[in-house]
Structures are given as structure tokens and as C-alpha cells.
Amino acid sequence: MKIKKIEINNFRNYCGYHQFLLDKNITILFGENGFGKSSFFDAIEWCITSEIERFKSKDGDLSFTNYDCVNQAVRHEETANCYVSIYYDQYKLHRIYEVSKNQSNVYLYRIKGEEEELIERGQKKVEAYLYKNRKDSEMFGTELIKHSYILSQDQVTNFIRSSPKNRFDSLASIMGLDKITNFIDNLKTYATVLDNFCNDLETELKTKKKFLEDRSIERYEYYNITREIKELREKISDFHNVENSEEIDQERVSESIDKTNNKLIKAKRMLKDLNDIPSEYTNYIELKEEFKNVEDELNNNRNLLLRVDNSKSTTSKNLELLVNKFDQFISHKGLIKNIEKKKVEIEELEKLIVKSSYNELSINQINQEFDNRYKNLQMIDYALLNYEDFKKATNYLKQVPLDIETNENKFRLLQRRIYRINKRVVQIKKWLDDNDSSNSLQELIQYLKGMFNYVKNNETKGFCPLCSTPVGNELENRINSNITKYASKISEKEIRLMRVLELKERKEKELFAFEKEREVIKKNSIDLQKVLEDARYLTNRVTDNKLYNDRFFKSEDIKDIEEVKDRLLNQVNMLKEIRDTKKTLSVLKENYHTLLESIDIPKINGNVEASLEKRKKLLNRKEERLICLYKSIEEKIEELKSKQVYLLSLVQKVNNYEMFSKKIYKFENVKSKIDMKIAKLNQEQEQLNQLKNLLLVKKEKEVNLKVINRYEAEIEDLDGKLKSWSDKKNNLNIYIKKATASVGKHAIEFLNHPNSKIQQYYRYLNPVPSVNGNIQFVTDNSDEKRRGLSISIPFKKENGEEDLLNVRYTLSSAQLNTLAISIFLVVNDSQDIGIFDFVAIDDPIQNMDDVNRYTMCDILGEINKQIIFSTHDMNFLKLFIKKNEHKKKDIRVYFLENPNLLKGKVREVTF
């Protein structure tokens, strides 16, 4: 099948959409080198195979990808893509690459009138339609189709190289055999891997036997490490609540190390931030109040500066008017000189005003613009002051209600637990009240002991001191016997009571802990409610202020507000400068016209002159005082700005820690607590690192123990594996030698056949050979190190013996170029795999002289297929058209005008 049309969009040199009609049997692309001729053939190859062979990775170079196919002018656009469509018979083959998805897809459509029906998609499925036999597509892919139809300059250039191995590889590429040679190369690589694998098996067998001898002490070391780990984990606070039976893995220890390290970093950072705060500020409230005071003082000084500036301008104006008026009384001649001077000053100020962007505005308009921007500056300053607090309060309004709900759930859970424990304590107390007889027994024993002491210390003459019963000498023994009897009963009952009392004490401790936790949760809820109310109050206070601007407070970053502030300050300064200049200009013009009008004014007496002189001195002193005051206020403003920036940095640092916004803490107390916390964290971190190292060693020992238990069973298995893989390696080496010899033999028989079309084409394309018209191919594929292709020319010596001349020293580059084209034409003519019926050659006359070019015209013109070729030589193009003038109606020529082929830079030309 012939190709009817090709569409190229944003592919390499082709920027935008381009259409090439290939409805003629012969299509020629003409253009200078680098103008997109090779890109046209790349487009055909990429559309069919998804690859461009001349850019295939070699020696690990992976620089060329589908992204490089996209034209540079559009590849950075959001919807950038490139595609190529090939129309043949009733089908359309379409491949597209989309940059945003970094994905290439290929589609095959059947064209029915103006509609396109999708038949198949995906490389493998589409390939099946490009082969006459689908089994060929499964074996070769689309690479063999490319080799059969398209001959690139890179293939010819590689063929001309002097290295026999490179020449063999390029010949395999031209003939489409590189798939087979690559397969053999892969087998050789696999054979090397097998050989190394067998050697590794032998080494592994020896190593494992040696390993068993060297690991007899592993178990003893493992048990010692386990004991050390147990002792160490009891010292670390993170594992106090972990059961001894529960394993602590390295990941958990690493998490604890990271957690401790993070706490340490935060504590050190917080300590550094607090150390940066001067000792004069004892808490956050004082720091923030100082910042607010500085802000207010700065605003007051700015307002004062404006008033002083206005007063200074007014004084200067009055002084200037007075001076002008005074000068009128000095001399009439000096007046004319002053008029000229004022005129020059007016012209200079007018030039200065024209350069400003506000030159069209009046002074009132400038004042209005100044007031608007100054008001915006106040809004921005207000936003900068309250931005962090407002953001934090807004977040509190979202998060705190959730925290309050969580606290309430915890509170209800604790209430249920406290109720159950109270109920249990009441039951225990009731039992204790019911079993309080031990107290009576103890009182009885104490009473008996008192009796015993009385009898012992007093003379009773054998009578009981209570009931006066005569007992004789047995009284002491009987009292002792009763004491022992009742003491025994008390011991048994007290043991039971002690257990119940211990249970009661334990439950009361639990009850106390839960009640304490309940109070903490209750307090947290109150604190959270307070935070929520404060956040609401803060947001309402900020939004209700007349300086509140929603746009500034919704900025993502405070730096955006600061950038707006800087721009407004620049604009305010520009407005102030142009306003002062315009005021000065207005005064100058007024004085100028006054002077002109007053030239004819008669002289005034000396009293007026003295009065004017006195007023002039007063105005001069006032102006000097205003200038000094202005400079003083400016210096004060700069000082306040520096202090504001410094205090703002301190406030922002403290704002990073939520604890200061919830409660008033003294900085010194917090620093002391942080120092203690850092010392404790350092100790815990050291213990955790030690535990981590022990766990690592333990893990290694566990692995070694498992390996010791496993190696004995594996040694026997390794002997069988080694024998099996050695047999496979030997069989693979035999197969590689047979396959390599077979490829070389069949290729040489095809190339050297006496009636081979290669020989015929070569003799025709090379009509003036240096020796004779025959060539001979010699190759040796029996070994990778010797694999290569030598091209020789047979000739007879004077003694009649035949010898071979190496073409490296005999044929020119043009003749080798001719030979490569000869082989390609034969491969194209003899292939019966693909469905296409065309020949495509990129610049076939490279390195050819005029004779070879003349012959090439005949060969290309007589090919009985659709032919597409390119050339950079206008003379060759004209020669081809001239020699094939009888086919002129069946030839179409495209002229590529520019390296970056925009729309209109590819046009069809006629001869």
C-alpha cells in the first residue's frame, strides 16, 4: 500500500500544523542541511515504531526522549503536544505525545467518508495490522518494517566507518538483522552471567562452611545484648508504659529519637528566641504594649512631620514673597534681572514636572491622591500590626470548638469512671463497717493486758480482781492464755482487713487521679472557652476598626502586604516631591507676574523698607527653626522605624509559641524550665542512641543465628545447584557458537551470490570502479572478539593467483555510500513482511561525485514503487527533474525554507 498523505504537528523542526500530500509516485524534499529533511523521515519512523533509531541510546546515553520530539517553540505551553498521522488505503495511523501527561499513544482508524472509526490502539495491537503475517509482528515488532522502507544518513555513515565490527553492525541495521545479532549478544552476556553465577556458587559454598566455624560464640553474645536492652529500656521514659513482653523495634526507637530530637530543637530554638528579648520586657503583654506605643508614636510623628512641612512651605512662600517685594524697593534695574532669573527657574521646574508620571494632575488632585495612599498606608500598617493575631484568632475559631467537643467527650468518660469507682468504694466501706469486730477484740486484749500488769504488780492472793473468784496461782497463766487466744483471732481477721483496706486505698487513689484529671479537663475547657471568646473579640475588634481592609487580611503571606506597603511609600514620596515642586512653580509664576506688573510702581519711603527688612529677618529665623524641627522629626521617625522593626521581629518570634497567647508567663521562669527540659532531653537522647545501637547489634546477631540454622541445610542444596547450572552454561555456549556461525554464513551467501541484485545494483551505481565491478564480503561470527565485516575486491595477480584488496584502501566514501544504498534497495525489493509499498531515502547523494549522481537519478527514477527522498543539492534536483521529465506529472517537490518550519515555510514548488 502507498502512503497518501502525512500530517505533522509540532514535531521537531515543524512548528504548528503541516500537511504533505504523497499522492504522486515520487516525492522530493529539498532544503539546506538542518532545515528539517531528516525530521520528516524521523516523523514517519516515529509514527510507525514509536522510536527514532538514530537517537537510540548507546553506551548508557538516555538523553533523547519523546519530549525532545516536541518543537522547542511550543514545548513549554500548558497543552503542548506533537503528533504525526499517516494516511494509506482506507486507514489513518495516528501517534500523539502529550507533554503534560508525558505519554505517547498510537491509534489506527478506518476512514469512512468524512468519519473516522477507531479500530485499534496501543503499540502491540496496531503492529499486527502493519504486517502481512501477524506472527512476524510478534517476532520483530515494527523495527523490521522501518529497516525495510527507510534508509537514514546515520545508517550509511556507520557503514562507511573503518572498523569491521561497526561495519557489520551497520550492515545488520540496514538489512534488519540487528534484532538477531542483538539476541546473540544478549545470549553471550547471559553466558558470562551464568559463568559468574557458577563461580559465585562455589565461593558461597566455601564461605558458608567457613561461616559455621566462625560463629560458635554468637548465641552467648545475643543473650548478653538482650539483657542490656532490657535494663536500658527500664530507664527510658518513653517505654515505661510498655509491657516487658512487648518487643521494641529499631523503628520505634528511631521514632523516639526523632521525637526527642524535635523536642530538643524546639526547646533550644525557643530558648534562643527568649534570650533575644531584652530583660526590660518581663512578659509578652509588656512587649506587645511597647510595640503598640512605638506604632502610635510613629504615626504621631509622621502627622507632625506633615504639619511642619506644610508650615515650612508656607513660611518659605511668605519669605519669598517678602524678598521679592523688598527687592522692588531696592532698585528698578535689579528688578529686571530678577525677572529673567525667575523665568529660568520656572522653565527648569516645568521640565522637571513633565518628567513625572503625575505631571497632568493639579495640586488638589495630587493632595487627594496623597491622602488616599496615606490612608491605604494606615490600613496596611494596621494590617501588619494585627495580621498574625488575626490569622491565629481565625484558626482558633475553627479549631477550638473541635477541641472543646473533644474535652467534653473526655469529661463525660471520666464522669462514668468516677461514678463506677465511687460505687465500688462505698461497697468496700460498707464491708469494713460490717466487719469492725477486730476493734472490740483489740480493746479486750488491751483490757486483759492491763489486768495482767495489775496482777503482776499487786498482791491479789489468787483472787480475780474483777469477779473475786479464787483461782490460785493459775491467775497469771489464764490471763496470758486468753491474751494469746484472742490475739490469734485478731491476726487472721486483720490480714483480710488489710487486703480490703489496700483495695480501698488503691481505688481512692484512682478516684483522686481521675478527679484531678477531670479538673484539668474542666480547666482546659474553661481555658479553651476563654481562648474562643478572646478570638471572637479580637476578630470583631479588628474587623470593626475603620482601618480594616479585608483584602490585606486575606493575604497568604505577610510579605505580600509589606511589598504593597513599599510600593505605596514610593508613590507617596513621589507625590510629595511633585506636590512641592508644583507649589514652588506656582509661587515662582505668581512672583514672576507680580514683578512684571510692578515694574512701574513708584518708589516707597525708607520706613516701609525698614519694616520689610525686620519682617524678613523674622521669617528667616522661623524658617531655620522649622528646618531644624523637620530634621529632628525625621531622625526621630527613622529611630522609631528601626525600633518598630526590632520589636515586630520579637513579637513575631513570641507569636510562634501558643502558650504566651493563652496565659501570661514571665520570660525568665520559662527560660529556667526550658534549661531543665533541655538537660533532661539530652540525657534521654543519649540513652535512646545507646538503645538504638544495641538493637542494631541485636538484629545482626538475630540474622546470624538464623543464618547459622539455615546454612547447614543450604550447603547440601548448593552442591546440586552448582552441578545443574554448570550443565546449563555448557549447553548455552554450544548453542551460541552454532547460532553465531549460522548468521555469518547466511549473510555472506546472500551478499556474495553471483546473481545477487546487490552486485548488479553496485555495478550499475558504480560504473567506473577502480579495479573491477565485483565486490566480496568476508565475515567471521564465530567469536564476539573476532566478529566483523570486511569488504574486499577480488583481483588476479600476474602469476594467475587470486587475491583480495581491502576496500578501506581501495573504495572511496562515495563508493561505500553507493554500496550501502545497493544493499538497502535489495532488502526493500525482497521484503514481503509489511503492508506498505514505498522506499524512503534521506539524502542519497552524500559524498557522491557527478557520475554517481547521474546514475542515482536513473536508479531512483526507475524504482517501481512509491519513492520519497530528500536532497540539499539544487543541481541534483534539477538533474533528476530533467532526466525524468516524462514523469513530471507524477513528481511532487516540497521546499523547506527555514530551520524552524512555521506555517508557510513549507511550500510546494513546480519546475
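Trainee: Which residues does Phe 40 touch, not counting residues up to four places away in sequence?

Mentor: Happy to start there! This is a predicted model, where local features need pLDDT of at least 70, side-chain atom pairs count only at pLDDT 80 or more, and totals for chains, interfaces and linings use all residues. Residues are numbered from 1 along each chain as its sequence is written, while side-chain values use heavy atoms and leave out hydrogens and water. With contact meaning heavy atoms within 4.5 Å, Phe 40 touches Ile 6, Ile 8, Tyr 14, Phe 20, Leu 29 and Ile 868.

Trainee: Which element gives the largest share of the largest nonpolar core?

Mentor: A nonpolar core joins buried Ala, Val, Leu, Ile, Met, Phe, Trp, Tyr and Cys residues through side-chain atoms within 4.5 Å. Here it has 44 residues, and Phe 40 and Leu 93 touch the most other members. Elements giving two or more residues include β1 (3-9), α1 (37-49) and β14 (891-896). The largest share, 7 residues, comes from α1.

Trainee: Why are the buried residues of α23 on the same side, and what arc do they cover?

Mentor: In α23 (874-883), a DSSP run of H or I with at least four residues, the buried ones (under 20% relative accessible area, 1.4 Å probe, protein chains only) are Phe 876, Leu 877, Phe 880 and Ile 881. They sit on the same side because the arc around the axis, taken from the directions to the C-beta atoms, is only 135°.

Trainee: Which exposed residues does the opposite face of α23 carry?

Mentor: Exposed means over 50% relative accessible area. The face turned away from the buried side carries Asn 875 and Lys 882.
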